[in-house]
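Reader: Hi! Could you walk me through this one while I have it open on my screen?

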Amino acid sequence: MNIHAIRHDALTGCYAYDDSTLIVKLETGKDVTAVNLFANDPYVGEFGDVWKGSEYKMQCVAELKHSLVWQTSVVPKYKRLQYYFEIVCGKEKLYLFEDGLHSDGKGKAGTIVQYFKYAWLNPADVCVVPKWAENIVWYQIFPDRFCRAGEQKSSLKILPWGEEKGAKFYDFYGGNLRGITEKLDYIKNLGIGGLYLTPIMRSDTNHRYNTHDYTLVDPELGGEADLKELIDKAHAKGLKIMLDAVFNHCGRDFFAWRDVMQNGKQSKYFDWFFINDADFDKGVSSTKDGRYYSFAFAAYMPKLNTNNKEVMDYFINICKGWVALGVDGIRFDVGNEISHAFLKKLRLELKAIKPDLYLLGEIWTRSLPWLLGDEYDSVMNYQFLESVNDFMVDTTETSRDLMYALNETYNLYYKQINGVLFNMLDNHDVDRAFTRCKSVDSLLQELTVLMTMQGSPCVYYGTETGLSGEVAQSHNRRCMDWNGIDSGKYNQIIAEFTKIIALKKLFLKFKDGNIEWRASDNRIVNYVWKNAQGECMEVYLNASADSVTIPADKHIAYSRLLDGHTLCAGGIAVFCE
């Protein structure tokens with residue numbers, strides 16, 4: 001038995017799924033043929049009785065590149081659980097306790113037996129996420145580039161819509177909130193359920209991540225009245241709204257930073273920032289000299305001290321104002337650099353007002369410390385993006401590689417978190433999906449995976465038209481081509497996007513079910529979702545260069561480049577029964 005592959009983490013290996021259920025997981029090598037859990041209340045053996053665990057047969061739920069993941073659920077009668085594992089490899093059996101592996105189920109002789117324990121299932125400690133976020137598809141909008149509506153007065157030089165001039169940070173095209181409101185029917189007709197807007201508060205850049213005034217919707221976008229109208233009309237159409245919170249750093253014109261620049265250490269806001277040098281205001285564009293901390297080394301975005309109680313209270317009140325307007329979700333920019341103390345306090349106060357508010361952190365790496373139920377509900381799932389993109393771009397990868405990558409992604413977090421992970425193919429910080437995968441066929445295959453996996457998927461504006469652009473010089477933030485859309489130029493690809501997005505509603509019947517991968521060493525992707533009612537959803541993607549024969553006798557939910565039983569190169573087939 002490969003004992004070095006056996007792992008049980010007390011934090012992710014035994015956790016509360018709801019008020020009554022614990023999920024228990026174990027990772028082993030691929031040589032293991034069975035795992036049994038022995039579990040019971042820790043006190044049933046008191047007063048001279050011998051403690052004995054009830055047996056639970058664990059299921060192999062995922063195959064990773066070098067290991068297997070086993071899982072079962074337990075409903076502890078008295079809310080406590082004591083347990084150990086029996087691990088079987090052919091005729092060999094080993095038993096895992098907290099102090100290591102043993103040859104029998106009695107633990108180490110002559111000492112206190114070191115069982116694993118889940119102390120108490122406290123309802124207040126259960127990780128609870130907004131269930132509605134499992135059921136919708138998001139649409140991300142970069143407001144300056146989405147749509148311009150009306151004759152709005154501007155103090156800026158507004159470029160002709162769609163003119164290619166590099167789209168630098170100080171180039172504006174005049175997209176506004178009224179433009180988004182006017183396009184709500186277009187968005188709704190795609191099958192979208194929620195809008196995520198990048199920052200809309202007053203700033204002097206088109207990206208607005210250097211916020212100058214958190215209390216003022218940027219007049220260039222239309223102001224608070226236009227935001228309220230957008231929220232109300234979106235809600236009337238069944239659409240959620242999520243705003244972008246930039247609390248890790250601010251812009252140089254933020255009132256507190258202006259006061260610090262004017263009064264130095266005498267400013268009452270001095271401790272709102274991380275200033276390390278009395279001569280901090282040198283007018284130099286980089287902070288690599290360490291005079292103060294900023295986002296990256298961008299001097300025009302000084303870093304806020306979210307450990308400071310005054311800073312915490314200020315931004316929590318900003319969020320409360322957004323919630324009062326009707327906002328359904330908040331995305332936190334650079335969400336891994338904000339203090340945990342601030343996030344815990346913020347969650348408690350905001351969830352007390354709106355329990356189903358969706359809190360999303362921008363974190364590019366593995367994010368478990370922020371997803372234990374007392375901070376974020378979800379994170380931007382870059383592991384998903386990389387898994388799908390790598391498979392489509394690197395033609396040496398097989399369907400088995402894709403399986404390993406996605407199984408690894410979904411093995412990182414609690415089951416309830418997986419249901420609301422913010423999955424995406426692209427966004428304003430990376431190259432456009434079409435630019436990376438280079439074909440409509442691959443783009444639609446990526447979208448199919450996005451819509452038939454657990455999570456709260458997001459489509460970046462324009463991706464449904466095949467909008468291209470690299471992140472360099474912000475070409476991934478090009479203007480939406482409304483003339484092309486209105487003329488029918490993109491009808492075919494938009495129609496395919498709409499059909500594939502509709503698969504998300506069909507997938508909801510299987511979101512609590514189990515996935516069965518039929519992976520191989522070629523580029524034919526095949527997986528099946530099965531629910532408790534015995535219903536199935538089966539997905540085929542032909543990412544190879546050749547046509548293949550597939551079983552095609554079930555009900556076709558969606559297909560592309562499917563001719564009878566022949567799935568052409570680049571083809572998609574989704575069946576249900």
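Author: Happy to; we can go through cysteines, helices, a few single residues and some backbone angles. One thing to say early is that this is a predicted model.

Reader: Good to know. Cysteines, then: how many disulfides does the structure hold?

Author: Zero disulfides are present.

Reader: Why is there no bond between Cys-147 and Cys-479?

Author: Distance is the reason: the closest cysteine sulfur to that of Cys-147 belongs to Cys-479 and is 10 Å away, which is too far for a bond. A disulfide would need the two sulfurs within 2.5 Å.

Reader: And what about Cys-568, where is its nearest cysteine sulfur?

Author: That sulfur is in Cys-437, 19 Å away, and Cys-568 is in no disulfide.

Reader: Are those two, Cys-147 and Cys-568, buried or exposed?

Author: Cys-147 has 5% relative accessibility and counts as buried. Cys-568 has 27%, so it counts as partly exposed.

Reader: Thanks! Switching to helices. Which residues of α5 are buried?

Author: Helix α5 runs over residues 255-263, and its buried residues are Ala-256, Trp-257 and Val-260. They span an arc of only 95° around the axis, so they sit on the same side of α5.

Reader: What comes just after α5?

Author: Gly-264 does, and its phi is positive, about 60°.

Reader: Now α8 and α9. What is the angle between them?

Author: Helix α8 (residues 382-393) packs against helix α9 (residues 399-410) at about 180°, and their axes are 9 Å apart. That angle makes the pair roughly antiparallel, because anything over 145 degrees counts that way.

Reader: Which residues make the contact?

Author: From α8 there are Gln-383, Phe-384, Ser-387, Val-388 and Phe-391. From α9 there are Ser-399, Leu-402, Ala-405, Leu-406, Thr-409 and Tyr-410.

Reader: How many of the residues in that contact of α8 with α9 are nonpolar, polar or charged?

Author: Seven are nonpolar and four are polar, with no charged residues in the contact of α8 with α9.

Reader: Nice. I keep clicking on Phe-85. Where is it found?

Author: Phe-85 is in strand β7, which covers residues 81-89. Its relative accessibility is 0%, so Phe-85 counts as buried.

Reader: What is Phe-85 in contact with, leaving aside neighbours within four places in sequence?

Author: Its contacts include His-8, Val-24, Leu-26, Leu-37, Met-58, Leu-96 and Phe-116. On spacing, Phe-85 and Tyr-56 are 29 residues apart in sequence, and their C-alpha atoms are 9.6 Å apart.

Reader: And the prolines? Pro-130, for a start: buried or exposed?

Author: Pro-130 counts as buried, at 3% relative accessibility. It lies in the loop between β10 (116-118) and β11 (138-141). Not counting residues up to four places away in sequence, Pro-130 touches Lys-351, Asp-356, Leu-357, Tyr-358, Asp-377 and Val-420. Gly-329 is 199 residues from Pro-130 in sequence, with 9.9 Å from C-alpha to C-alpha.

Reader: Where does Pro-76 lie?

Author: Pro-76 is in the loop between β6 and β7. With a relative accessible area of 9%, Pro-76 is buried. Setting aside neighbours within four places in sequence, Pro-76 is in contact with Ser-20, Leu-22, Leu-81 and Leu-121.

Reader: I also picked Val-311. Which helix is that in?

Author: Val-311 is in helix α6, and it is buried at a relative accessible area of 0%. Leaving out neighbours within four places in sequence, its contacts are Trp-272, Asn-305 and Thr-306.

Reader: Last topic: backbone angles. What is the phi of Lys-79?

Author: It is near 75°, a positive value in a residue other than glycine. For background, most residues other than glycine have a negative phi. Lys-79 is in the loop between β6 (68-74) and β7, and it is partly exposed with a relative accessible area of 28%.

Reader: And what is the phi of Ala-296?

Author: Ala-296 has a positive phi of about 50°, and it is not a glycine. You will find Ala-296 in the loop between α5 and α6 (309-325). With a relative accessible area of 52%, Ala-296 is exposed.

Reader: Great, thanks for the tour!

Technical notes:
Residues numbered from 1 in each chain as written. Predicted model: local features only at pLDDT ≥ 70, side-chain atom pairs only at ≥ 80, totals over all residues. Heavy atoms only, no water. Buried < 20%, exposed > 50% of the residue type's maximum accessible area, 1.4 Å probe, protein only. Helix = DSSP H or I, 4+ residues; strand = E, 2+ residues; numbered from the N terminus. Arc of directions from axis to C-beta. Axes fitted to C-alpha atoms, helices over the stretch in contact; angles between N-to-C directions. Parallel < 35°, antiparallel > 145°, perpendicular 65-115°, else oblique. Contact = heavy atoms within 4.5 Å. Nonpolar A, V, L, I, M, F, W, Y, C, P; charged D, E, K, R; others polar.
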